Amino acid sequence: MYNRDYLLSGKQEQSNTINVSKFISATYQLFAASLLAGAAGAYVGVGIVSLLQGILFWGLVIVEIGLIFAISRFAHTQGVNLILLFLFTFITGLTSAPLIANTLNIPDGGAIVGQAFFLTAIGFGAISMFAMTTKKDFRFLQTFLIVAVIIMIVASLINIFFTNSSLLQIVIASVGALVFSAFILVDTQKLIRGDYRTPIEAALSLYLDFLNLFMSLLQILGALSKRE
């Protein structure tokens, strides 16, 4: 009887391991597809960047916020969840286009965009590997990071509408690079420890971490190039 229970327990653990592996694999597949959708949105956005100004830009930002809630609401609805995820990531590409286009217009702008993406990809991979191998649990940082993001958003809005300081924007972008690097660490550990309900939600979190780290690095590199 003891041996039989032991064997049954072993099979259950093996099954759980397989399920976790499938969940993680599905998440990274959706994450990769989301990057492609975001890149497509950015490509289209750069071509119509003159239209992505003022009310239309902020309207798309509001749509993005609404889609985040919609993805959470329909995360378990097959088909609808994928449409919402890829629609969201495509629109984030559109709203990223003004910054990308502005960077492309400065000397060696294409190289700067490439460098920002390369550094983001390398950083994302390295931090993810660390998160998967370390024994320390960094999920306790999540609350502090959310507060930091709120402060960054408020500071960015003040800078956009009132101060318009390039130095302050570099500071905000530098803090953002650190904050979203930490988010990659936290969200990867949440993924491997089963904190997400669906791969859709996990992929969304990782995509936002990647996108915001890329945008932060792009602002930093672009600002430094302009100063030179």
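Residues with a relative accessible area under 20% are taken as buried, those over 50% as exposed, and those in between as partly exposed. With that scale in hand, the predicted model can be read from its charged loops inward. At 34% relative accessibility, Arg-193 falls between the two limits and therefore counts as partly exposed.

Arg-193 belongs to one of the charged pairs of the model, which holds four salt bridges. Its side chain meets that of Asp-137, with N and O 3.4 Å apart. Arg-193 sits in the loop between α6 (166-192) and α7 (199-227), whereas Asp-137 sits in the loop between α4 (109-133) and α5 (142-163), so this salt bridge ties together parts that are 56 residues apart in sequence. Asp-137 has a relative accessibility of 28% and is likewise partly exposed. A further salt bridge joins Asp-137 to Arg-139, where the closest N and O atoms are 2.7 Å apart. Arg-139, with a relative accessible area of 26%, is partly exposed.

Arg-139 also forms a salt bridge with Asp-195, again at 2.7 Å from N to O. This pair links distant parts of the chain, with Arg-139 in the loop between α4 and α5, Asp-195 in the loop between α6 and α7, and 56 residues separating them. Asp-195 is partly exposed at a relative accessible area of 37%. Through shared partners, the salt bridges bring Asp-137, Arg-139, Arg-193 and Asp-195 into one network.

Charges also meet aromatic rings. Lys-136 lies over the face of Phe-138, 5.7 Å from the ring centre. Elsewhere, the ring of Phe-74 has the charged end of Arg-73 over it, at 5.0 Å from the centre.

Arg-73 leads to helix α2, which spans residues 54-73. The 20 residues of α2 reach 29 Å from the first C-alpha to the last, close to the 28 Å expected at 1.5 Å a residue. Leu-60, Glu-64, Leu-67, Ala-70 and Ile-71 are the buried residues of this helix. Viewed down the axis of α2, they fall within an arc of 130°, so they line one face of the helix. An α-helix has 3.6 residues a turn, so residues three or four places apart point the same way. The face of α2 turned away from the buried side carries exposed residues, namely Ile-55, Ile-62, Phe-69 and Arg-73.

Turning to the aromatic residues, a search of the whole structure finds ten aromatic pairs. One of these, between Phe-117 and Phe-210, is edge-to-face, with 5.7 Å from centre to centre and 65° between the planes. Because Phe-117 lies in helix α4 and Phe-210 in helix α7, the pair ties together parts 93 residues apart in sequence. The two rings differ in their surroundings: Phe-117 is partly exposed at 43%, while Phe-210 is buried at 6%. Both rings belong to a cluster in which ring pairs link Tyr-28, Phe-31, Phe-117, Phe-124, Phe-210 and Phe-214.

Two small polar residues complete the picture. Ser-34 is placed in helix α1 (residues 2-47), and Thr-89 in helix α3 (residues 80-104). Ser-34 is buried, its relative accessibility being 0%, and Thr-89 is also buried, with a relative accessible area of 0%. Leaving aside residues up to four places away in sequence, Ser-34 touches Leu-85, Phe-86, Thr-89 and Tyr-207. On the same basis, Thr-89 touches Ser-34, Ala-37, Gly-38 and Tyr-207.

Methods: Residues numbered from 1 in each chain as written. Predicted model: local features only at pLDDT ≥ 70, side-chain atom pairs only at ≥ 80, totals over all residues. Heavy atoms only, no water. Helix = DSSP H or I, 4+ residues; strand = E, 2+ residues; numbered from the N terminus. Buried < 20%, exposed > 50% of the residue type's maximum accessible area, 1.4 Å probe, protein only. Contact = heavy atoms within 4.5 Å. Expected span 1.5 Å × (residues − 1). Arc of directions from axis to C-beta. Phe/Tyr/Trp six-rings, centres within 6.5 Å; stacked < 30°, edge-to-face > 60°. Lys NZ or Arg CZ within 6 Å of the ring centre and 35° of its normal.
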